[in-house]
Amino acid sequence: MVTPVGILLAAGRGARFDPTGASDKLLAPYGPGGTVVGASARHLLAAVPHVIAVVAPGADAVARELEAAGCTVTVCPEAAQGMGASLVHAVRKSLPAPLGWVIALGDMPDVLPSTIEALCDAIADGAGIAAPAMHGRRGNPVAFGPGQRDALLALGGDEGARGLLASQDVTLVEVPDAGIFRDIDTPGDLRAV
């Protein structure tokens with residue numbers, strides 16, 4: 001089966017982690033010998049063979065980490081405009097004709113590859129949008145079928161695809177994976193591991 005393209009959004013500012021900007025949460029140590037963004041990339045790559053990782057201008061260390069993990073890295077000049085701009089940038093880089101997209105976040109290092117595979121299966125089975133859920137509560141990442149291309153390309157701002165999820169049917173895929181809710185926003189989130 002041909003799988004969707006993975007998109008790893010890693011262009012955020014991380015202001016809640018360090019308001020001064022001196023340390024990047026994506027490069028914080030995480031797991032044995034890894035980083036937050038490295039773990040996020042490895043889990044996504046374990047489920048989808050092609051991952052486009054979006055970084056902000058000047059995020060050279062993050063780009064190197066993602067390239068070392070096996071991602072195709074692209075710099076989004078409009079990253080400061082928000083997640084929607086980064087997402088549109090990555091979708092454009094994936095064209096002309098992927099069989100869908102799995103949109104993952106660089107600060108969510110605990111999502112299991114099996115969860116991502118289940119989302120790919122839902123898209124292959126015809127879902128337009130698929131999201132993981134645990135006990136009925138929706139989490140991340142989110143997968144989009146090829147019919148969502150124009151809607152994804154029309155996104156903007158800092159909400160990413162939240163508006164699409166609110167306005168369209170979403171197939172919930174029940175998974176035993178608390179990682180779909182866990183992101184690294186503050187230094188305290190690292191200690192909770």
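**Exercise 1. Characterise the cavity content of this predicted model.**

*Task.* Determine how many cavities of 30 Å³ or more are present, how much space lies in the largest cavity, and which residues line the largest cavity.

*Solution.*

Step 1. The count comes to 1 cavity of 30 Å³ or more.

Step 2. The largest cavity holds about 60 Å³ of space.

Step 3. Its lining is formed by S40, H43, L44, A104, L105, M108, V111, I116, N140 and P141.

Step 4. Two or more residues of this lining come from each of the elements α1 (36-45) and β4 (101-105). The most is given by α1, with 3 residues.

Step 5. Sorted by class, the lining of the largest cavity comprises 7 nonpolar and 3 polar residues, with no charged residues.

**Exercise 2. Describe the packing of α1 and α2.**

*Task.* State how the axes of α1 and α2 are placed, what the handedness of the crossing is, and which residues make the contact.

*Solution.*

Step 1. Two packed helices are described by the angle between their axes together with the distance between the axes.

Step 2. The axes of α1 and helix α2 (residues 60-69) come within 9 Å and cross at roughly 30 degrees.

Step 3. Angles under 35 degrees count as roughly parallel; α1 and α2 are therefore roughly parallel to each other.

Step 4. The crossing of α1 and α2 is right-handed.

Step 5. On the α1 side the contact is made by V37, G38, A41 and L45, and on the α2 side by E65, L66 and A69.

Step 6. By class, the residues of this contact of α1 with α2 are 5 nonpolar, 1 polar and 1 charged.

How values were computed: Residues numbered from 1 in each chain as written. Predicted model: local features only at pLDDT ≥ 70, side-chain atom pairs only at ≥ 80, totals over all residues. Heavy atoms only, no water. 1 Å grid on protein atoms, 1.4 Å probe; cavity = no way out; pocket = protein on both sides within 12 Å on 5 of 7 lines; lining within 4 Å. Points joined across faces, edges and corners; volume = space filled by probe spheres on them. Helix = DSSP H or I, 4+ residues; strand = E, 2+ residues; numbered from the N terminus. Nonpolar A, V, L, I, M, F, W, Y, C, P; charged D, E, K, R; others polar. Axes fitted to C-alpha atoms, helices over the stretch in contact; angles between N-to-C directions. Parallel < 35°, antiparallel > 145°, perpendicular 65-115°, else oblique. Left-handed = near helix turned anticlockwise from the far one by under 90°. Contact = heavy atoms within 4.5 Å.
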